[in-house]
Amino acid sequence: MFLFTRKEGYAREIARFFATDLDPIQKQLDKLELGGVLVSRMAGRTRLYTFNPRYPFLRELQSLLERGLSFYPPKQRESLVMVRRRPRRRGKPL
Amino acid sequence: MKPVRRMSQAELAAFVQSHLKARGITAILSGGACVSIHSEGRYTSVDIDLVNAYSVNRGAIEAAMQEIGFTEQARHFVHPDTPYIVEFPPGPLSVGAEPVRQIQELAFSTGSLELLSPTDCVKDRLAAYYHWDDQQCLAQAVLVAQAKDADIKEIARWSRAEGMMGKFRLIRARLTPAGQ
């Protein structure tokens with residue numbers, strides 16, 4: 001659900017968001033990548049995961065996730081979705 | 001039987017695939033090796049990607065590969081007598097969101113080889129170009145389309161279904177032999 005809403009993410013970030021241990025998240029990401037559901041790339045020293053656009057059941061999976069997201073508590077849904085995506089110059093005050 | 005060290009990429013792929021088939025494992029050749037075969041060697045790759053079409057248990061694949069001298073290293077298989085590496089990308093066998101319906105079969109002295117047709121091979125490479133702007137894969141698609149009779153109408157239909165008609169229009173002329 002994290003990757004569905006945020007489009008990409010890394011293991012530590014996902015674990016932090018769900019307040020859980022890193023290891024099970026990493027294992028699930030590995031499994032999903034091996035199964036062809038996710039792909040990953042390195043950005044510096046961080047491995048970023050996204051959905052594999054070539055996964056043949058991607059549309060169906062995303063429909064299911066969309067439906068699932070609609071049942072999330074509003075606060076949690078908002079914290080997943082309402083994240084700044086636009087660029088921000090380095091050094092600009094918040 | 002030809003020794004592994006003397007097998008070409010296609011012969012080795014046929015050898016491995018035939019061995020797996022005898023163990024009830026369906027693995028269809030895809031990826032760069034298909035490009036190499038269909039472009040008649042104008043592209044070379046050390047990868048042999050055999051798509052695990054029906055999601056056979058990884059342990060069964062590992063056991064079958066060990067029988068012919070391959071060992072697993074970081075999710076791929078290596079053999080001491082060949083530089084080629086064998087990988088088993090997860091199934092189902094698809095190009096984009098569509099299943100592959102027609103498999104081509106070639107015969108070698110080491111076994112028969114089931115692989116993507118030239119048309120599906122072009123689609124497979126174009127998928128990487130469409131989704132990741134991968135120019136290397138676009139170049140490979142062009143090599144295959146120009147070397148073999150890829151069905152451009154079918155590729156256009158598929159591109160539309162993938163929502164990539166705009167990108168297809170940009171590269172369509174490059175896929176035809178005379179650039180027509």
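In this predicted model, Ala74(B) sits in the loop that joins strand E3 (71-73) to E4 of chain B. Its phi is positive, about 45°, although Ala74(B) is not a glycine. Ala74(B) is exposed, because 6 other C-beta atoms lie within 10 Å and a residue with 12 or fewer counts as exposed.

Glu40(B) is another residue other than glycine with a positive phi, here near 55°. The loop that holds Glu40(B) runs between H2 and E2 of chain B. Glu40(B) has 11 C-beta neighbours inside 10 Å and so counts as exposed.

Two further backbone features belong to chain B. Gly69(B), just after H3(B), has a positive phi of about 90°. The peptide bond from Gly91(B) to Pro92(B) is cis, its omega being near 0°. Pro92(B) lies in the loop between strand E5 (82-87) and strand E6 (94-95) of chain B.

Helix H3 of chain B covers residues 58-67, and its buried residues are Ile61(B), Ala64(B) and Met65(B). Viewed down the axis of H3(B), these buried residues fall within an arc of 100°, so they line one face of the helix. Gly59(B), Ala63(B), Gln66(B) and Glu67(B), on the other side of H3(B), are exposed. What do the buried residues of H3(B) pack against? Their partners are helix H1 (9-22), strand E2 (47-52) and strand E4 (76-79) of chain B.

On a wider scale, chain B is divided into domain 1 (4-116) and domain 2 (119-175). The centres of domain 1 and domain 2 of chain B, taken over C-alpha atoms, are separated by 23 Å. Domain 1 of chain B puts 14 residues into the contact, and domain 2 of chain B puts in 14 residues. On the side of domain 1 of chain B that touches domain 2 of chain B, H2(B) gives the most, with 3 residues. By class, that side of domain 1 of chain B consists of 7 nonpolar, 4 polar and 3 charged residues.

Helix H5 of chain B, residues 135-147, has 13 residues, which at 1.5 Å a residue should span 18 Å; the end C-alpha atoms are 18 Å apart, which agrees. The buried residues of H5(B) are Cys137(B), Leu138(B), Gln140(B), Ala141(B), Val142(B), Leu143(B), Val144(B) and Ala145(B). They pack against helix H2 (31-38), helix H4 (118-132) and helix H7 (165-171) of chain B.

Ala141(B) of this helix also appears in the account of the nonpolar cores. The largest nonpolar core has 51 residues, of which Ala13(B), Leu50(B), Val122(B) and Ala141(B) touch the most other members. Where does this core lie with respect to domain 1 (4-116) and domain 2 (119-175) of chain B? Both domains give residues to this core, so it lies between them. Leaving aside residues up to four places away in sequence, Ala141(B) touches Val122(B), Arg125(B), Leu126(B), Tyr129(B) and Leu175(B). Apart from the largest core lies another, of 5 residues, with Ala11(A), Ile14(A), Ile25(A) and Tyr49(A) among them.

The remaining topic is the contact between the chains. Here 8 residues of chain A are in contact with 8 residues of chain B. The side of chain A that touches chain B is made up of 4 nonpolar, 2 polar and 2 charged residues.

Conventions. Residues are numbered from 1 along each chain as its sequence is written. Chains are lettered from A and ligands numbered from 1 in the order in which they are written. This is a predicted model: local features need pLDDT of at least 70, side-chain atom pairs count only at pLDDT 80 or more; totals for chains, interfaces and linings use all residues. Helices (H or I, at least four residues) and strands (E, at least two) are DSSP runs, numbered from the N terminus. The expected span of a helix is 1.5 Å times one less than its number of residues. A residue is buried if 20 or more other C-beta atoms lie within 10 Å of its own, exposed if 12 or fewer, and partly exposed in between; C-beta atoms are placed from the backbone. Two residues are in contact if their C-beta atoms, placed from the backbone, lie within 7 Å. Ala, Val, Leu, Ile, Met, Phe, Trp, Tyr, Cys and Pro count as nonpolar, Asp, Glu, Lys and Arg as charged, and the others, Gly among them, as polar. Domain bounds come from an automatic or database domain assignment. The arc is that of the directions from the helix axis to the C-beta atoms. A nonpolar core is a set of buried Ala, Val, Leu, Ile, Met, Phe, Trp, Tyr and Cys residues joined through C-beta atoms within 7 Å.
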